[in-house]
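Hi,

Here is the structure I promised to pass on. Have a look at it first, and then read my notes underneath.

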Amino acid sequence: MTRKILFQIIEPHQKENAIEKAYDVLMFLTIIVSLIPLTTKSHTGIFMWSDFVSTIIFIIDYILRLVTADYKLEKGKFSFFLYPFTFLALADLLCILPSLFLLNNSLRLFKILRMLRILRVFKFIRYSKNIQILTNVLKKQKESLMIVSLLALGYIFISALIIFNVEPSTFPNFFDALYWATISLTTVGYGDIYAVSTTGKIITMISSFLGIAIVALPAGIITAGYMKEIKEL
């Protein structure tokens, strides 16, 4: 079996044959099974074996993607060096490492990294067309989203400065003021810390109203980009 055929099997695309579809289904099910142990505190029996088997499959998948990296990145032999540093390759590697203690008792220190297996969720990106579209939208709209993020951070900082100086007794440190500004921006309002003076309450109302507008901006940008991507398909 040539490397090109291997690449066609492991890399999802629109026109797939039965073998390629079967591989996609296998990986999809493996990702789901690999996440099951995270729902329990038990690390023995069926949970240990499900993690063991899924880890072996992930290792094989990682190796196959590495040896066919030149078809993916199209940068010749340099692709084999670049691939391990791509986002999905790093996610693949990080979700494999925590399970290595099952293969070698000398690596039990990696058990503390168990939660990194949550990164296996990112493997769904390869097998979901909608997630791929959303990823493309985020890449194309990154400048707009960055500006909105900076606007939100600036708004939180300024709001925190104002409330920190208006109600120093309610907010003994600046971190509490930042926390208040953040939950006001997102209009969550947990109620564990709040303004008590009339001036502080007015500032809270203004902060909440403006927060709704700022929070809505990313949703509008992503939705518009998503609709544009769908039309271009």
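Below is what turned up when I went through it.

One thing up front: this is a predicted model, so please read everything here with that in mind.

Let's start with the overall picture. The chain has eleven helices and zero strands, so if you go along from the N terminus you meet one α element after another. There are 233 residues in the chain, and 33% of them are buried. As for contacts, take those with a separation of 6 or more: 62% of them are between residues 24 or more positions apart. The accessible surface comes to about 14,400 Å², and carbon and sulfur atoms account for 72% of that.

Next, helix 1, which covers residues 3–10. Its buried residues include Leu 6, Phe 7, Ile 9 and Ile 10. These residues sit on the same side of helix 1, because the arc they cover around the axis is only 160 degrees.

Now for the aromatic rings. The structure holds eight aromatic pairs, and I'll walk you through two of them.

One is Trp 49 with Phe 52, an edge-to-face pair with 5.4 Å from centre to centre and 75 degrees between the planes. Both residues belong to helix 3 (residues 46–67), where they are three residues apart, or about one turn of the helix. That spacing fits a general rule: an α-helix has 3.6 residues a turn, so residues three or four places apart point the same way. Are these two buried or exposed? Trp 49 counts as exposed because its relative accessibility is 52%, with the cut-off for exposed being over 50%. Phe 52, at 28%, counts as partly exposed.

Another is Phe 157 with Phe 174, also edge-to-face, with 5.7 Å centre to centre and 75 degrees between the planes. What does this pair tie together? Phe 157 is in helix 9 (residues 142–166) and Phe 174 is in helix 10 (residues 174–185), so the pair links parts that lie 17 residues apart in sequence. Phe 157 is partly exposed, with a relative accessible area of 43%, and Phe 174 is partly exposed too, at 24%.

Finally, there is an aromatic cluster to look up in the viewer: Phe 78, Phe 81 and Phe 85 form it together.

Happy to go through any of this with you.

Cheers

Notes: Residues numbered from 1 in each chain as written. Predicted model: local features only at pLDDT ≥ 70, side-chain atom pairs only at ≥ 80, totals over all residues. Heavy atoms only, no water. Helix = DSSP H or I, 4+ residues; strand = E, 2+ residues; numbered from the N terminus. Buried < 20%, exposed > 50% of the residue type's maximum accessible area, 1.4 Å probe, protein only. Contact = heavy atoms within 4.5 Å. Areas by Shrake-Rupley, 256 points an atom, 1.4 Å probe, with all protein chains shown as cover. Phe/Tyr/Trp six-rings, centres within 6.5 Å; stacked < 30°, edge-to-face > 60°. Arc of directions from axis to C-beta.
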